[in-house]
Amino acid sequence: NPGAELQVECPARTTDGSYCWVDARGNNHLDDPLLEGVMVTVRDITHQKQYEQKLARTTARLQRKNEQLERLAQIVSHDLQTPLSTAEKLTGLLRADLGAVDPAVEQSLEDLETTHQRLREFADHLPRLARESTGVGKATICDLQTIAEAAWSVVETGVLDLQIESTCRLSGDPSRLQRVFENLFQNTVTHGVEAVDSDQSYTATTVRVGATDNGFYIADDGPGIRPEQRDELFEYGMSTGSGSGFGLAIVRTITEAHGWTIGAVDSNTGGARFEVDTTQ
């Protein structure tokens with residue numbers, strides 16, 4: 001087969017007796033009067049294979065749990081509907097029976113209704129949250145800038161400006177990674193713009209995205225995050241303002257499904273900075 005090319009990945013024993021993974025490519029040059037042989041190039045891909053194997057194990061484990069988790073979420077969501085409906089009806093009857101009430105009682109009723117509303121939102125979102133948490137597909141090589149710009153194009157960012165300060169290559173599920181950026185951008189809109197209209201000096205104007213030695217970051221120049229809120233910031237239902245409390249929780253579950261970690265710190269301008277470590 002003159003001119004034929006063959007590629008194979010296999011383990012190979014090194015001079016010290018240990019094994020590594022190699023990518024071997026051979027080209028048939030037997031008909032070439034200068035070479036009269038087969039040219040083989042060998043590349044060490046041990047680290048790449050180790051990462052692929054780790055990711056495959058993580059993905060398989062998540063897939064096994066995915067169906068069970070989604071079934072559980074549907075059951076919990078369904079079982080919450082009846083007691084919630086009962087509680088809402090009883091609150092309505094209580095309000096009707098009381099009529100005009102003291103301001104303190106009125107505030108208590110409003111707080112109760114708000115609690116019911118948040119529980120209903122959680123129940124309605126629960127099955128989707130289960131799918132979001134485990135919906136990580138096969139990893140491919142992605143470009144940080146491309147994903148960030150794609151996410152920016154689907155979020156209503158208003159007057160905010162996006163600046164890509166640097167980029168890098170990521171190995172992950174592109175659609176899930178885009179969702180991470182969408183939720184982080186929306187977080188800036190909700191907490192850095194809409195929630196601070198009364199004080200324009202703290203309103204976010206710019207979102208910056210860039211690579212780090214260990215991964216990447218998304219930062220804004222808004223009011224930032226109070227230190228005491230950072231430990232619980234990524235918990236389900238946790239909101240620092242008018243948000244649902246689900247956006248950052250989804251961000252955390254998607255990054256962790258990739259085997260990564262995420263944390264929140266202050267940006268250089270005093271706003272919020274989210275750092276994702278992809279080396280875990």
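**Asp220 and its sheet**

Visitor: In this predicted model, which side chain of opposite charge is nearest to buried Asp220?

Guide: Asp220 is buried and has no salt bridge, where buried means under 20% relative accessible area with a 1.4 Å probe and protein chains only, and a salt bridge is a side-chain nitrogen of Lys or Arg within 4 Å of a carboxyl oxygen of Asp or Glu. Lys and Arg count as positive, Asp and Glu as negative, while His and the chain ends are not counted. The nearest side chain of opposite charge lies 8.2 Å away and belongs to Arg208.

Visitor: With which side chain does the side chain of Asp220 make a polar contact?

Guide: A polar contact is a pair of N or O atoms within 3.5 Å; within protein, one must be able to donate a hydrogen and the other to accept it, and residues adjacent in sequence count only if both atoms are side-chain atoms. For the side chain of Asp220 the distance is 3.1 Å, and the partner is the side chain of Thr188.

Visitor: Which strands stand at the edges of the sheet?

Guide: Asp220 is found in S8, a strand being a DSSP run (E, at least two residues) numbered from the N terminus. Five strands form an open sheet of mixed pairing, in the order S5-S7-S8-S10-S9, and two strands pair if DSSP finds at least two bridges between them. Each edge strand has a single partner, so one side of it is left without a neighbour in the sheet; these are S5 and S9.

Residues are numbered from 1 along each chain as its sequence is written. In this predicted model local features need pLDDT of at least 70 and side-chain atom pairs count only at pLDDT 80 or more, totals for chains, interfaces and linings use all residues, and side-chain values use heavy atoms, with hydrogens and water left out.

Definitions and conventions:
Helices (H or I, at least four residues) and strands (E, at least two) are DSSP runs, numbered from the N terminus. Buried means under 20% relative accessible area, exposed over 50%, partly exposed in between (1.4 Å probe, protein chains only).
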